[in-house]
Amino acid sequence: MHDKYNMMGVLAGFPEQLKKGWAIAKDVKIKGKFENVAICGMGGSGISGDLVIPFVKKIPVFVVKDYNLPEFIGKKSLVIVISYSGNTEETLSCYNQAKKRRAKIAAITSGGKLAELEKNVAIIPNELQPRAAMGLLFVSVLRVLFNSKIISNPNVGSAIKAAVPKACSKEGFLLAQKMKGKIPVFYASENFKGVAYRCKTQVNENAKQPAFFHTLPEMNHNEINAFERNAGKLIAVMIRDKNDSLRIKKRMDITKEIIKENADVAEIKTKGNSLLARMLYTIYVGDYASYYLALMNNEDPTPVPVIAELKKRLME
Ligand code: F6R
């Protein structure tokens, strides 16, 4: 199986996507004082909500991956609705609820119903798979939050420097070799939860195989107990960030020692001089790893026929 739809080319364009995302959303903003933020989206669109959580520090932020907004979302809320296609039913349902409750809304989409319904919208180019447009979507969300005075300037321009195609591709290839034939479980601190989830879902959608994720310290209280029975099947991929607290670092070291007895262990050491830079670096390595793993699995990374089939059956 080869890369018929040129996912490799799309991956090489990730730094460019990050630049474009910041420019695309430059005029999308909402004035006012908000009590909370809800970010609605599914799959490759919703991941941008998970990724922005560490940047929203002053008010509560909720990521909604469902049909319904929490009851407390109302007219003092900022609701950012993300759907690459603009036609995802769960996301449209949240959009309609946000409208009814007179929340302040911004949308990010490449078209579809969402683009028809919402005027305060950032329009993303539409030729990609949603998950492959993550660079555009994620940075657009950051821009909307920055424009609306919810976050400080994330300095995207300087963070992009960490996303170096050649270096991340090489690191991703080495990781894919280690993951081949195993079920990866990505572990990270809470700041990197969205990143670990992205790595997991990219393995699912690109390489078409199971993968899981969890965070520390929580996994120390349950999942760490589950390796012995599954000896030899799993590979723990530990995402290690220099700014993780000393206790988390110690927990990661001990966790690694314990897991090693029954599973392979690999590490991604984050690189970059800001949290955003280190997130982008790790996402890029993970994206490349899932790409190479797809080829090693003899799968074309781009199409997701099972997801398409499910969506089709839901329409019947
Ligand atoms: C496909 C993908 C999916 C979609 C999801 C929601 O590449 O990543 O996870 O993102 O099915 O669809 P959209 O993004 O169009 O709202």
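**Pocket lining, central strands and aromatic contacts**

Of the elements that line the largest pocket, helix H9 provides the largest share, with seven residues. The structure is a predicted model, and the values reported here are computed from it. The space in the largest pocket amounts to about 930 Å³, and its lining comprises 34 residues, among which Met42, Gly43, Thr88, Ile307 and Lys311 lie nearest the centre. At least two lining residues are supplied by each of helix H3 (43–52), strand S3 (77–83), helix H4 (89–100), H9 and helix H12 (305–315). In terms of residue class, the lining of this pocket divides into 13 nonpolar, 12 polar and nine charged residues.

Strand S8, which spans residues 234–240, is mostly covered, as seven of its seven residues are buried. In a regular strand the side chains alternate between the two faces of the sheet. For S8 both faces are covered, with Leu234, Ala236, Met238 and Arg240 buried on one side and Ile235, Val237 and Ile239 buried on the other. Strand S6 (residues 183–189) runs parallel to S8 and is joined to it by five bridges; within this pairing, phenylalanine 186 has valine 237 of S8 as its bridge partner. Strand S9 (residues 264–269) also runs parallel to S8, and six bridges join these two strands, with methionine 238 standing opposite glutamate 267 in S9.

The aromatic contacts were considered next. A pair of aromatic rings is described by the distance of the centres and the angle of the planes. With a limit of 6.5 Å between ring centres, the count comes to eight aromatic pairs. In one of them, formed by tyrosine 197 and phenylalanine 213, the ring centres are 5.0 Å apart and the planes stand at 45 degrees, so the pair is classed as tilted. This pair links distant parts of the chain, since tyrosine 197 belongs to helix H9 (residues 193–206) and phenylalanine 213 to strand S7 (residues 212–216), with the two positions 16 residues apart in numbering. Both residues fall between the cut-offs of 20% and 50% that delimit the partly exposed class: tyrosine 197 has a relative accessible area of 24%, and phenylalanine 213 has a relative accessible area of 26%.

The rings of tyrosine 291 and tyrosine 292 have centres 5.3 Å apart and planes at 75 degrees, and this pair is therefore edge-to-face. Tyrosine 291 counts as buried because its relative accessibility is 5%, and tyrosine 292 is likewise buried, with a relative accessible area of 13%. These two tyrosines belong to one aromatic cluster together with Phe14, Phe173, Tyr284 and Tyr288. A contact of another kind involves lysine 200, which lies over the face of phenylalanine 212 at 5.7 Å from the ring centre.

A further position to be described is alanine 159, which is placed in helix H7 (residues 156–159). With a relative accessibility of 0%, alanine 159 counts as buried. Alanine 159 and leucine 18 are 141 residues apart in sequence, whereas their C-alpha atoms are 9.5 Å apart in space.

Conventions. Residues are numbered from 1 along each chain as its sequence is written. This is a predicted model: local features need pLDDT of at least 70, side-chain atom pairs count only at pLDDT 80 or more; totals for chains, interfaces and linings use all residues. Side-chain values use heavy atoms; hydrogens and water are left out. Rings of Phe, Tyr and Trp (its six-membered ring) pair if their centres lie within 6.5 Å; planes under 30 degrees apart count as stacked, over 60 as edge-to-face and the rest as tilted. Helices (H or I, at least four residues) and strands (E, at least two) are DSSP runs, numbered from the N terminus. Buried means under 20% relative accessible area, exposed over 50%, partly exposed in between (1.4 Å probe, protein chains only). A charge sits over a ring if NZ of Lys or CZ of Arg is within 6 Å of the ring centre and within 35 degrees of the ring normal. On a 1 Å grid over the protein atoms alone, a cavity is a set of points where a 1.4 Å probe fits but cannot get out, and a pocket is an open set with protein on both sides within 12 Å along at least five of seven lines; lining residues have an atom within 4 Å of a point. Grid points are joined across faces, edges and corners, and a volume is the space filled by probe spheres set on the points. Ala, Val, Leu, Ile, Met, Phe, Trp, Tyr, Cys and Pro count as nonpolar, Asp, Glu, Lys and Arg as charged, and the others, Gly among them, as polar. Two strands pair if DSSP finds at least two bridges between them.
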